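Biologist: I have a model open and want to learn to read it. Where do we start?

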Amino acid sequence: MIELTHVSKTYAGKDKKAVDDLTWTVEDGKITGFFGPNGAGKSTTLKMICGVNSIDEGSIKINGHDITSDVIEAKRQFAYVPDDPDRFLRLTGAEYLTFMADVYGTPAEKRAPFIEEYGHRFEIFDALNSRISDYSHGMRQKVHVMGALIHEPSVWILDEPMLGLDPKGAYELKEMMREHAARGNSVLFSTHVLETADKLCDSVCIIAHGHKLFEGTLDELKAAHPATSLEQIFLEMTAHE
Ligand SMILES: Nc1ncnc2c1ncn2[C@@H]1O[C@H](COP(=O)(O)OP(=O)(O)O)[C@@H](O)[C@H]1O
Ligand SMILES: [Mg+2]
């Protein structure tokens, strides 16, 4: 579970808040979609949840652990797949996965079966002994998803995860998100692509200009705007801001 309480953030040199007084709870056992147009404050929020960005005002707790005052315990709770997968480029995929498994203490006997299963699902098994610098964008993303899941995080956070994935990769990723939530974990992902929402999200949060516009289920959102497509609802809501 992730609890944000009155969270705000202004970047140095900017006069507008990137995130403005955001209070929001991400529940366990669900896939939560975090929607908003470009520049809405999604990545900034996710980076604050993960302790990558500092928080100006308010607080964030992950499974009850405050990301500012109880950092190590808070960080044990989640895995984060950033929007930019150009990391650990000098390692091979296999070295990176071993590194992640070591850092989070994944038992030795769980590693090989995990790498075998997920490597084949993502069709990158045969590339795992090549350096990540030689991977395509989508392959880098896949190996980062594997690095996140190898330690079975309670909370799984992904920033724009569908971008750059091939159809089979996107399908498998959605299945992995469903499986993860079905095991009682929280899955939180951001996107500006609405088609991703339908059939995947149990819950959604919509933001624009750093303000929360809606929090609830997609059915609640549709019920509040009958006879309107999801795309229209989204455009109208974010245009009002
Ligand atoms: N590192 C940064 N320095 C200064 N401003 C930033 C930085 N990152 C994001 N911003 C600004 O914060 C706002 C929110 O950006 P972001 O959180 O990346 O939005 P989103 O992920 O929803 O597209 C935008 O106005 C953006 O220009
Ligand atoms: Mg972003």
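Biologist: Which residues is H65 in contact with, leaving aside its neighbours within four places in sequence?

Modeller: Two residues are in contact if their C-beta atoms, placed from the backbone, lie within 7 Å. Here H65 is in contact with D70, E73, A74 and Q77. This is a predicted model: local features need pLDDT of at least 70, side-chain atom pairs count only at pLDDT 80 or more, and totals for chains, interfaces and linings use all residues. Residues are numbered from 1 along each chain as its sequence is written, while chains are lettered from A and ligands numbered from 1 in the order in which they are written.

Biologist: Is H65 buried or exposed?

Modeller: Count the other C-beta atoms within 10 Å, placed from the backbone: 20 or more is buried, 12 or fewer exposed, in between partly exposed. H65 has 17 such neighbours, so it counts as partly exposed.

Biologist: How many residues of α5 are buried?

Modeller: Helices (H or I, at least four residues) and strands (E, at least two) are DSSP runs, numbered from the N terminus. In helix α5, ten of the 13 residues are buried. Among them are M139, H144 and A148. Their cover includes β6 (78-81), α3 (93-104) and β7 (155-159).

Biologist: What should the 13 residues of α5 span?

Modeller: Take 1.5 Å times one less than the number of residues. For α5 (residues 137-149) that gives 18 Å, and the end C-alpha atoms are 19 Å apart, which agrees.
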